Amino acid sequence: MAGMKKEFQLNSGKTCQLIRIRNDLIPNYYILAFSRVQGEPSSEEVTEMLVIGTEKAQQLAFDYIRDREAFTLLYSGYSARREKGWHIHIVLLGNRWRKAWLYFVLAGKNLLQALNIRKDDAPRI
């Protein structure tokens, strides 16, 4: 599924895209994204995207790991995210060590942002 990008239409008529992210530190990484040009999603669209994200994560986990529950979904609210635009992170895991590695990488990334070593465009509250 290299370079995968798949679009889904929401009940509102707006769309979201499932995009495979190539990242050496976090393998099997995808984002389900709501395009910034559509504005912020409504609460109904957020709920629908979470359902789509869960269903796609289960299918991807089964396709690659043969375990429908071997994934993690991460959602960062507006004030906690670095990138603009609404999105859900989907990471296929497979075992507890991979989950531990994921949290280690995320902790390092957030620490670098907190120390202003890595760009952080989240609003200051």
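## A guided tour of the sheet, helix H1 and the cores

Colour the model by confidence to begin: among the elements of the protein, helix H2 (residues 96-114) has the lowest mean pLDDT, 90, while H1 has the highest, 95. This is a predicted model, and across the protein the pLDDT averages 86, with 85% of the residues scoring at least 70.

**The sheet.** Select the strands next, and an open sheet of 5 strands appears in the order S1-S2-S3-S5-S4, paired in the antiparallel sense. Strand S1 (5-9) and strand S4 (71-75) stand at the edges with a single partner strand each, so one side of each is left without a neighbour in the sheet. On average, and with direction ignored, neighbouring strands are turned by 20 degrees against each other.

**From S1 to S3.** Start at the S1 edge, where S1 and S2 run antiparallel and are joined by 5 bridges; select Phe 8 and you will find its bridge partner in S2, Cys 16. The hairpin of these two strands has 5 residues between them, and Gly 13 there takes a positive phi near 100 degrees. Now show the side chains of S2, which alternate: Cys 16, Leu 18 and Arg 20 point to one face and are buried, whereas Thr 15, Gln 17, Ile 19 and Ile 21 point to the other face and are not buried. Moving on to S3, you will see that S2 pairs with it over 6 antiparallel bridges, and that Arg 20 has Tyr 30 as its bridge partner in S3.

**S5 and its two partners.** Select S5, which is mostly covered, with 7 of its 7 residues buried. Trp 86, Ile 88, Ile 90 and Leu 92 point one way from this strand, and His 87, His 89 and Val 91 point the other way. On one pairing, 6 bridges join S5 to S3 in the antiparallel sense, and Ala 33 stands opposite His 87. On the other, S4 and S5 are antiparallel over 5 bridges, with Phe 71 opposite Leu 92.

**Helix H1.** Select H1 next, a helix of 23 residues that reaches 32 Å from its first C-alpha to its last, close to the 33 Å expected at 1.5 Å a residue. Its buried residues are Glu 45, Val 46, Glu 48, Met 49, Ile 52, Gly 53, Ala 57, Gln 58, Leu 60 and Ala 61, and these pack against S1, S2, S3, S4 and S5. The direction of H1 makes about 20 degrees with that of S5. Just after the helix comes Arg 66, which has a positive phi, near 65 degrees.

**The cores.** In soluble globular proteins, nonpolar side chains tend to be buried together. Here the largest nonpolar core has 20 residues, and the members that touch the most others are Cys 16, Leu 18, Tyr 30, Leu 32, Met 49, Ile 90 and Leu 92. Strand S2 (15-21), strand S3 (29-34), helix H1 (43-65) and strand S5 (86-92) each supply at least two residues of this core, and H1 gives the most, with 6 residues. Centre the view on Leu 92 to see what surrounds it: leaving out residues up to four places away in sequence, Leu 92 touches Pro 27, Asn 28, Tyr 30, Ala 57, Leu 60, Ala 61, Tyr 64, Ile 65, Ala 70 and Phe 71. As a last stop, select Ile 26, Tyr 29, Leu 93 and Leu 102, which are among the 7 residues of a second, separate core.

Conventions: Residues are numbered from 1 along each chain as its sequence is written. This is a predicted model: local features need pLDDT of at least 70, side-chain atom pairs count only at pLDDT 80 or more; totals for chains, interfaces and linings use all residues. Side-chain values use heavy atoms; hydrogens and water are left out. A nonpolar core is a set of buried Ala, Val, Leu, Ile, Met, Phe, Trp, Tyr and Cys residues joined through side-chain atoms within 4.5 Å. Buried means under 20% relative accessible area, exposed over 50%, partly exposed in between (1.4 Å probe, protein chains only). Helices (H or I, at least four residues) and strands (E, at least two) are DSSP runs, numbered from the N terminus. Contact means heavy atoms within 4.5 Å. Two strands pair if DSSP finds at least two bridges between them. Axes are lines fitted to C-alpha atoms, for helices over the stretch in contact, and angles run from 0 to 180 degrees between N-to-C directions. The expected span of a helix is 1.5 Å times one less than its number of residues. pLDDT is the predictor's confidence in each residue, from 0 to 100.
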